[in-house]
Amino acid sequence: MNPIEDQVRAATRAEASTLREVRPLRLPPDAAAHRVARSRVAVRWPRRWQGWLAPVAAAAVVIALAISLVTIRDNSNGPVVPPTGPVPAAAGVPEYYVTLYTPPQPATPTPTATGGSAPCIALAPGKPECRPASPTDLLVGDTFTGAKVSVVSPPKGTSFYGVTGAADDRTFVVDTDTTPGVSDVCQPRTFYLLKIAPGSSSPAQLTRLGVPPLSCIAAIALSGSGRELAVALLGKGSALEQLRIYSVASGQLLHSWSTRNSSVFDQGADLGNDENRGVSWVDGDRELAFPTFLLVRGAKVPGRNQWDFTEQETVRMLDVSAGGSDLIKDSRVVWSTSSPTTNNYPPGCQWGFDPMVSADGKTVVCVSVNAPATAQLKKVVPWRLSWLAYSVSAPKAPPRTLYEVTVDAPLSSSEQLAQLWINASGSTVIGARGSGFDLEKPAFFGAISGGAVRSLPVPPDVIFGAPPAIAW
Amino acid sequence: MDHLKTDDADVGGWTAERHVTALYQAHALSLARLALVMLGDRSAAEDVVQDAFLGLYCRWDRLADPAVAPSYLRTSVLNGCRTALRARPRHGVLSDVHEAALAGSSPSSSLSLESAEATVVHGEEHRAVLAAIRRLPARQREALVLRYYLDLTEEQTAEAMRVSRGTVKSATSRAIAAVGRMLGAPDSRTRSGEGS
């Protein structure tokens, strides 16, 4: 057991134990009236809501009604629900993706050694009592048709954990979790080369790489040429934050930089698996871009024992051919932004969500989730949801809006955006938008190019509670 | 004799009231503790729990299987906690006690989020850990609480959070790593600058 896990367990239980009684339940008279009224109306919820039962406390009905009244305004180009169709060839959207994939499992109880069923919790009506744990496969899919090209099972006793792709749309590096069921990012990962050949008799081929098993991975990035693998490692204990480059062909460590500055890399707001957007290869694989995220304490809030903070975010560039070993000293800031935390959803890049850097090194693309500052959670407000592009050569200039929609929804709804892939010039983005409380499927999944959007088939297992582990 | 007619809904109302009250007696304290761990605020935690039971009461007729009510309530409480957390400024605005805990010093006399009893019970180490947990992004915090406070499995946590098992694993791992940094490395505390 990790000592931090022990500390978390002890601290949370100690805090919980301080609460020894709760006030009596009060069911207001109007609640009974409301309940009766609802029982007389045959409300048929969409299927996806049935299992969920819309449980946001007393405000649920109000919020649900508000959600049903949500309107979407398209501020830039194209209709609200973009037409499904081929993205213009010029956009250069890759034809195939590789994503983590858990095949559907039968709803059968998990047998135990004693012949009974493992204790499981049913969370909603109609949900299976228990689902056996299953390894995570890889799915090779067609970006434009959604067709499954191939499903690749992991080596026995492992699950696939992360995936990153080269520029040719045929070469990928994936890693496996060698200890399924253990929650620790510092469990070792084993790396494999995945070559895909759609239409051939062997559409996917998996080969073990010579890269040694690595632990505490923050991000992985295969170079455009497919020859080098960058791995960002989180510091743990006395270990420093590191950025390493391995040869895909030989598994040899080619370069390594480190720092004690823990603001580097993904600080955890993204929940992707071995994040493949946290480090970017640029300029013909000669440089690596990586983000830093920093909270800077500001003034004390008058009359309160609180401080305001500013969220700072930078993109640093590292010349891999220049050598060196200090990740901070040997890299330079090419772009930065900051915003105060006085507004929950300020304009500009969403802090903590990895910005992406185009392969030509000229553009930083990020997502912006902006809503007015108000304490009224039930109030329907306009959410401005944008994919923004900043020029590295003019970092202080206002960003170019690649696409923006405005969604009228309660402040308590959970509007989310992600950018999942950008082309070499940063002019085309594959992105996704999650809306409201339905985090299971994105409200939009598609390509953005030239101010227009095109829907693409949603890959299986894309759960929008977190950016999907998917690579092109 | 219309006034003597039995209204099915009224009967249902009585049943709902009885069941929900029984559920409250059985589960309210544990749910309030869960909310307290999530929010760090006793009053807000109790509000969230009250709202969850009120929501259940309003929907009792549509609950296909009363046996799932406890897990439904837990999901309601978690959703309520998420909503409450969204109402707070993100990340940055911390109370004295949190800042003091992060800095390893004694907090001031103004403990806005903890009772005097809690202060005694927790001790410095627990306060620091709790402060670190509360600086995590909401979903990481949730994963951590479900995994280590409630001792749910990854599968159960994924069901409760409505995310994939891989996401739970990733969120939990990153949360543990982040808490470790906040407790250990000096530069993982509130930072005032970075290297050039």
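Begin by selecting chain B: of its contacts between residues at least 6 apart in sequence, 59% join residues at least 24 apart. The model is predicted, and every value quoted on this tour is computed from it.

**Chain B: the helical chain**

Keep chain B displayed and colour it by secondary structure. Eight helices and zero strands appear, and the order along the sequence reads α-α-α-α-α-α-α-α. Of the 196 residues of this chain, 59% count as buried.

Next, select residues 42-58 of chain B, which form helix α2. This helix has 17 residues, and the distance from its first C-alpha to its last is 24 Å, close to the 24 Å expected at 1.5 Å a residue. Is α2(B) mostly covered or mostly uncovered? It is mostly covered, since 14 of its 17 residues are buried. When viewing a helix along its axis, recall that an α-helix has 3.6 residues a turn, so residues three or four places apart point the same way.

Proceed to residues 154-161 of chain B, helix α7. Here eight of the eight residues are buried. Display them as sticks: B:Glu154, B:Glu155, B:Gln156, B:Thr157, B:Ala158, B:Glu159, B:Ala160 and B:Met161.

Now step back to B:Asp151, in the loop between α6 (138-149) and α7 of chain B. Its phi is near 60 degrees, a positive value in a residue other than glycine. Is B:Asp151 buried or exposed? B:Asp151 counts as exposed because 11 other C-beta atoms lie within 10 Å, and the cut-off for an exposed residue is 12 or fewer. The loop residue B:Asp151 is thus exposed, whereas the residues of α7(B) are buried.

**Chain A: an overview**

Switch to chain A, which has four helices and 25 strands. Buried residues make up 45% of its 472 residues. Among contacts in chain A with a separation of 6 or more, residues 24 or more positions apart account for 58%.

**The sheet β9-β10-β11-β12**

Select strands β9 to β12 of chain A. These four strands form an open sheet in the order β9-β10-β11-β12, with antiparallel pairing. At the edges are β9 (217-222) and β12 (253-259), each of which pairs on one side only. From one strand to the next, the twist averages 15 degrees.

Within this sheet, select residues 228-233 and 241-247 of chain A, strands β10 and β11. How many bridges join β10 to β11 in chain A? Six bridges join the two, and the strands run antiparallel. To inspect one opposed pair, label A:Val231 and A:Arg244; the latter stands opposite the former, in β11(A).

**The loop at A:Asp283**

Continue to A:Asp283, in the loop between β13 (280-282) and β14 (287-300) of chain A. This residue has a positive phi of about 55 degrees although it is not a glycine. A:Asp283 is partly exposed, with 17 other C-beta atoms within 10 Å.

**The loop at A:Pro398**

Centre the view on A:Pro398, in the loop between β19 (380-391) and β20 (400-410) of chain A. With 10 C-beta neighbours inside 10 Å, A:Pro398 counts as exposed. Add A:Gly348 to the selection: the C-alpha atoms of A:Pro398 and A:Gly348 are separated by 9.4 Å, while the two residues are 50 residues apart along the chain.

**The sheet β21-β22-β23-β24**

For the last stop, select strands β21 to β24 of chain A. They make up an open sheet of four strands in the order β21-β22-β23-β24, with antiparallel pairing. The edge strands are β21 (416-422) and β24, each pairing on one side only. Neighbouring strands of this sheet are turned by 30 degrees against each other on average, direction ignored.

Narrow the selection to β23 (residues 444-449) and β24 (residues 452-455) of chain A, which pair in the antiparallel sense over four bridges. Two opposed pairs may be labelled here: A:Ala447 has A:Arg454 as its bridge partner in β24(A), and A:Ile448 stands opposite A:Val453 in β24(A).

Finally, which residue takes a positive phi in the hairpin of β23(A) and β24(A)? It is A:Gly450, with phi near 60 degrees, in a hairpin that has two residues between the strands.

Notes. Residues are numbered from 1 along each chain as its sequence is written. Chains are lettered from A and ligands numbered from 1 in the order in which they are written. This is a predicted model: local features need pLDDT of at least 70, side-chain atom pairs count only at pLDDT 80 or more; totals for chains, interfaces and linings use all residues. The expected span of a helix is 1.5 Å times one less than its number of residues. A residue is buried if 20 or more other C-beta atoms lie within 10 Å of its own, exposed if 12 or fewer, and partly exposed in between; C-beta atoms are placed from the backbone. Two strands pair if DSSP finds at least two bridges between them. Axes are lines fitted to C-alpha atoms, for helices over the stretch in contact, and angles run from 0 to 180 degrees between N-to-C directions. Two residues are in contact if their C-beta atoms, placed from the backbone, lie within 7 Å.
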